[in-house]
Amino acid sequence: MIEIKRDGIPSLYIGGRENSSLAYMTYEPCEKYFKQFAEAGVHIYSFSATPTESAYGLSKTCWVSPDKFDYSQFDERVEKILRADPKAHLLPRLYLSSPAWWDKKYPDELVTYDAGGGKYKLLFHHPEDKNVPSWASKKWRKDTKKALEKFIDYAEKKYGKRILGYHIASGTTEEWMMWGVHEGFWTDYSKPVLELFRKYLKKKYRTVENLRKAWKEKNIDFENASLPTKEERRKTYLGILRNPEKEQKVIDFYFFLSELVVDTICYFAKIVKEKTDNKKLAGTFYGYVFQLAGKHHLQNGGHLAIKKLLNCKYIDFLCSPTSYYFRTIKNGYSHFMSLTDSVKLHGKLWFDENDIRTYLSKGKIGLWGKGKNFE
């Protein structure tokens, strides 16, 4: 559980005792390293898992068919940890996506991107070359809810005493950035997004007259309002800032997009809390206002609704890697990606993922942020 200390700093308590919250996270589970961390007094372990489908090859498909789930890899990874450290506390990172059979069955629920010329195409997420679900899809949320509930039931029944909580992940690089943002795609133009965006506009503006005045469009209404095109999103008048006199449509879309991300996170975090009687932690990656400081990355990424997430009662912790900027010899101080004092003031923990690798790091995961040489 998390308690607020007298000095106002949130702290993690395990078994009634305050814990440093230091944890070991790995994409390549190895008993040798689990044992080393245990010997060093670190007993919290995070690792990749999924109740549905993962991305980047982090976990094999769990939701193999509509009524069939395969938890064998999850079991294998947990058992490795428990063999190496009988005192282990588990914080599995659950990637939420959609399996290929689901994509084929529900093509209208998948992410699309603006390909230019008024054409929208389905996004294929690298490196698996498969489609990805729209976070606005009610069908995906409903089906994934069932899969997540089944997973938690299984995990709690078998390893409940060792599970500290669940890290909910999705999107680009697990970090709830909009699909395709790093690859230069402009998303999401799917039917679920358009429908939800129109409802968002109706709730915000209430009357058609208010909408037309804000957007400077005479014939617009809540039934025909469209999503801003890639070209509209790319163009700005004040550098990184948007001019409401000329770009209110784009502004509305970006606020909507970020709120969609946070609503999705909170939707699944609530499931974690309900399925565990509020006894287990729920957390996520979010709030990269420093890391995504570029004009389009910050707005396209969907990380502009941090206030809403900080007020979400189902979230216990936020997380990010240490920034990938400023790692060279002359300015190698790096920094946090988010507003960590705000996280603290809202009674939540902040996990800084020390994602800094030496020049000796190997493997496909080990190349990102890797040092060039010994010096």
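These questions and answers walk through parts of a predicted model.

User: What span does helix 4 reach from its first C-alpha to its last?
Analyst: Helix 4 covers residues 138-159, which makes 22 residues. At 1.5 Å a residue, 32 Å is expected. The span in the model is close to that, at 31 Å.

User: Which residue caps the N-terminal end of helix 4?
Analyst: Look for a side-chain oxygen by the backbone nitrogen of K139. The two atoms lie 3.4 Å apart. The oxygen belongs to S137.

User: Which ring has R141 over its face?
Analyst: R141 is one of the buried residues of helix 4. The distance to the ring centre is 5.3 Å. The ring is that of Y267.

User: Which helix gives the most to the largest nonpolar core?
Analyst: That core has 82 residues. L201, W215 and L309 have the most contacts inside it. One helix, residues 244-275, gives 14 residues to the core. That is helix 8.

User: Which residues is L309 in contact with, leaving aside its neighbours within four places in sequence?
Analyst: L309 is among the residues with the most contacts inside the largest core. Its sequence neighbours within four places are left out here. The contacts are V262, I265, C266, T284, Y286, I315, L318 and K348.

User: Why is the pair of W135 and W176 called tilted?
Analyst: A pair of aromatic rings is described by the distance of the centres and the angle of the planes. The centres of W135 and W176 are 4.9 Å apart. Their planes stand at 50°, and tilted covers angles that are neither under 30 degrees nor over 60. So the pair is tilted because of its plane angle, 50°.

User: How many residues apart are W135 and W176?
Analyst: W135 sits in the loop between strand 13 and helix 4. W176 sits in the loop between strand 14 and helix 5. Both are buried. The pair links distant parts of the chain, 41 residues apart.

User: Is Y56 buried or exposed?
Analyst: Y56 lies in the loop between strand 5 and strand 6. Its phi is near 65°, a positive value in a residue other than glycine. Its relative accessibility is 14%, and the cut-off is under 20%, so Y56 counts as buried.

User: Which residue does a cis peptide bond join to T187?
Analyst: Most peptide bonds are trans. Here omega is about 5°. The partner is in the loop between strand 14 and helix 5. T187 is joined to D188.

Conventions: Residues are numbered from 1 along each chain as its sequence is written. This is a predicted model: local features need pLDDT of at least 70, side-chain atom pairs count only at pLDDT 80 or more; totals for chains, interfaces and linings use all residues. Side-chain values use heavy atoms; hydrogens and water are left out. Helices (H or I, at least four residues) and strands (E, at least two) are DSSP runs, numbered from the N terminus. The expected span of a helix is 1.5 Å times one less than its number of residues. Buried means under 20% relative accessible area, exposed over 50%, partly exposed in between (1.4 Å probe, protein chains only). A polar contact is a pair of N or O atoms within 3.5 Å; within protein, one must be able to donate a hydrogen and the other to accept it, and residues adjacent in sequence count only if both atoms are side-chain atoms. A nonpolar core is a set of buried Ala, Val, Leu, Ile, Met, Phe, Trp, Tyr and Cys residues joined through side-chain atoms within 4.5 Å. Contact means heavy atoms within 4.5 Å. Rings of Phe, Tyr and Trp (its six-membered ring) pair if their centres lie within 6.5 Å; planes under 30 degrees apart count as stacked, over 60 as edge-to-face and the rest as tilted. A charge sits over a ring if NZ of Lys or CZ of Arg is within 6 Å of the ring centre and within 35 degrees of the ring normal.
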